[in-house]
Amino acid sequence: MKNPMLEVVSLLLDKLVLFSNFRFFSLDIPGEEKGWKKFYEVNCFLRGDVLEVPRTHLTHYGIYLGDNRVAHLMPDILLALTNDKKRTQKVVSNKRLILGVIGKVASIRVDTVEDFAYGADILVNHLDQYVKKKALLNEEVARRAEKLLGLTSYSLLWNNCEHFVTYCRYGSAISPQVDKFFEMLKIIIRDQRSVLASAILGLVSIVCMGLASYTTFPAIIIPFCLWMVA
């Protein structure tokens with residue numbers, strides 16, 4: 001049986017990662033109608049390579065399948081609204097992506113290298129420098145990616161594009177980006193100023209909204225938990 005408290009905490013952490021990684025009004029990801037066109041020398045990519053596209057606030061990953069095709073996990077709200085493959089196969093717009101993240105709807109899809117990278121520079125197998133696991137053979141990596149093609153759930157914390165490529169390449173679904181976020185969260189939690197700030201916010205909520213269980217309980221329990229783990 002699922003623990004409702006854990007589900008709430010997981011949801012809140014998901015939203016925190018969302019806001020820490022995305023700028024809604026200047027999101028530099030595929031889908032905007034910019035006049036970009038960049039040539040990529042696909043002959044230098046090997047089937048099974050991990051392609052990495054660094055962006056302003058996040059990094060997107062995919063598995064090269066050969067023949068100018070990249071498999072990558074992409075959130076897309078349109079998948080929940082229609083089964084029309086002609087519409088869903090088009091390059092995912094910013095709005096579709098953001099709503100897909102919120103709705104936790106995604107697919108592991110295949111796009112061209114150009115559509116995947118969207119004009120950005122591509123790093124090849126850059127994750128090998130950070131993941132302390134031995135990479136599988138490239139053909140096995142590509143086969144794993146092909147087996148996973150299709151609809152999937154999405155979670156910024158537990159099932160994002162990085163989890164997909166690390167599972168394919170190393171056999172374990174991990175996300176160094178999420179690990180970095182949790183390290184930042186630990187620093188914030190361990191800062192005793194967070195305890196004071198949460199206590200003040202709790203008192204303000206009680207003063208403004210009155211003495212009720214839904215204001216008093218969080219006002220007490222949150223500062224207490226922060227104090228205990230600090």
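In the predicted model, E114 is buried, with a relative accessible area of 18%; this value lies under the 20% limit applied to buried residues. E114 belongs to helix α4, which spans residues 113-117. A C-alpha to C-alpha distance of 8.5 Å separates E114 from N68, although the two are 46 residues apart in sequence.

Burial and long-range contacts were also computed for the protein as a whole. Of its 230 residues, 42% count as buried. Among contacts with a separation of 6 or more, 71% are made by residues 24 or more positions apart. The secondary structure comprises nine helices and six strands.

The six strands form an open sheet, with antiparallel pairing and the order β5-β1-β2-β3-β4-β6. Strands β5 and β6 (150-153) occupy the edges and have a single partner strand each, so one side of each is left without a neighbour in the sheet. Strand β1 is joined to β5 (residues 123-124) by two bridges, and these strands run antiparallel. With β2, strand β1 pairs in the antiparallel sense over five bridges. Individual residues of β1 illustrate both pairings. L51 has G62 as its bridge partner in β2. E52 stands opposite Y61 in β2, while its bridge partner in β5 is L123. Four of the five residues of β1 are buried, so this strand is largely enclosed by the rest of the structure.

In soluble globular proteins, nonpolar side chains tend to be buried together. The largest nonpolar core of the model contains 24 residues, of which I63, L73, L127, A145, F164 and V165 touch the most other members. Two or more residues of this core come from each of β2, β3 (69-75), α3 (94-103), β4 (105-112), α5 (138-147) and α6 (161-170). Helix α6 gives the most, with five residues. A second, separate core has 12 residues, including V42, V70, F116 and I122.

The surroundings of A145 were examined beyond its sequence neighbours. When residues within four places in sequence are left aside, A145 is in contact with I63, L65, A71, F164 and C168. Helix α3, one of the elements that contribute two or more residues to the largest core, has N94, R96, L97, I98, G100 and V101 as its buried residues. Just after α3, K104 takes a positive phi of about 60°.

Aromatic rings were considered next. A pair of such rings is described by the distance of the centres and the angle of the planes. One aromatic pair is counted in the model. It consists of F45 and Y64, whose ring centres are 5.5 Å apart and whose planes meet at 65°, so the pair is edge-to-face; the angle exceeds the limit for this class, which is set at over 60 degrees. The pair links distant parts of the chain, 19 residues apart: F45 lies in the loop between α1 (4-21) and β1 (50-54), and Y64 lies in strand β2 (residues 59-66). Both partners fall in the buried class, F45 at 9% relative accessibility and Y64 at 4%. In a separate arrangement, R144 lies over the face of Y167, at 4.6 Å from the ring centre.

An annotated position was also located in the model. According to UniProt, in an unreviewed entry, the feature "active site" is placed at C161. C161 is found in helix α6, the helix that gives the most residues to the largest nonpolar core. With a relative accessibility of 7%, C161 counts as buried. Apart from neighbours within four places in sequence, C161 is in contact with T59, H60, Y61 and L73. Of these contacts, L73 is among the residues that touch the most other members of the largest core, and Y61 is the residue of β2 opposite which E52 stands.

Technical notes: Residues are numbered from 1 along each chain as its sequence is written. This is a predicted model: local features need pLDDT of at least 70, side-chain atom pairs count only at pLDDT 80 or more; totals for chains, interfaces and linings use all residues. Side-chain values use heavy atoms; hydrogens and water are left out. Rings of Phe, Tyr and Trp (its six-membered ring) pair if their centres lie within 6.5 Å; planes under 30 degrees apart count as stacked, over 60 as edge-to-face and the rest as tilted. Buried means under 20% relative accessible area, exposed over 50%, partly exposed in between (1.4 Å probe, protein chains only). A charge sits over a ring if NZ of Lys or CZ of Arg is within 6 Å of the ring centre and within 35 degrees of the ring normal. A nonpolar core is a set of buried Ala, Val, Leu, Ile, Met, Phe, Trp, Tyr and Cys residues joined through side-chain atoms within 4.5 Å. Contact means heavy atoms within 4.5 Å. UniProt positions are given in the numbering used here, feature names are shortened, and annotations may be inferred rather than shown by experiment. Two strands pair if DSSP finds at least two bridges between them.
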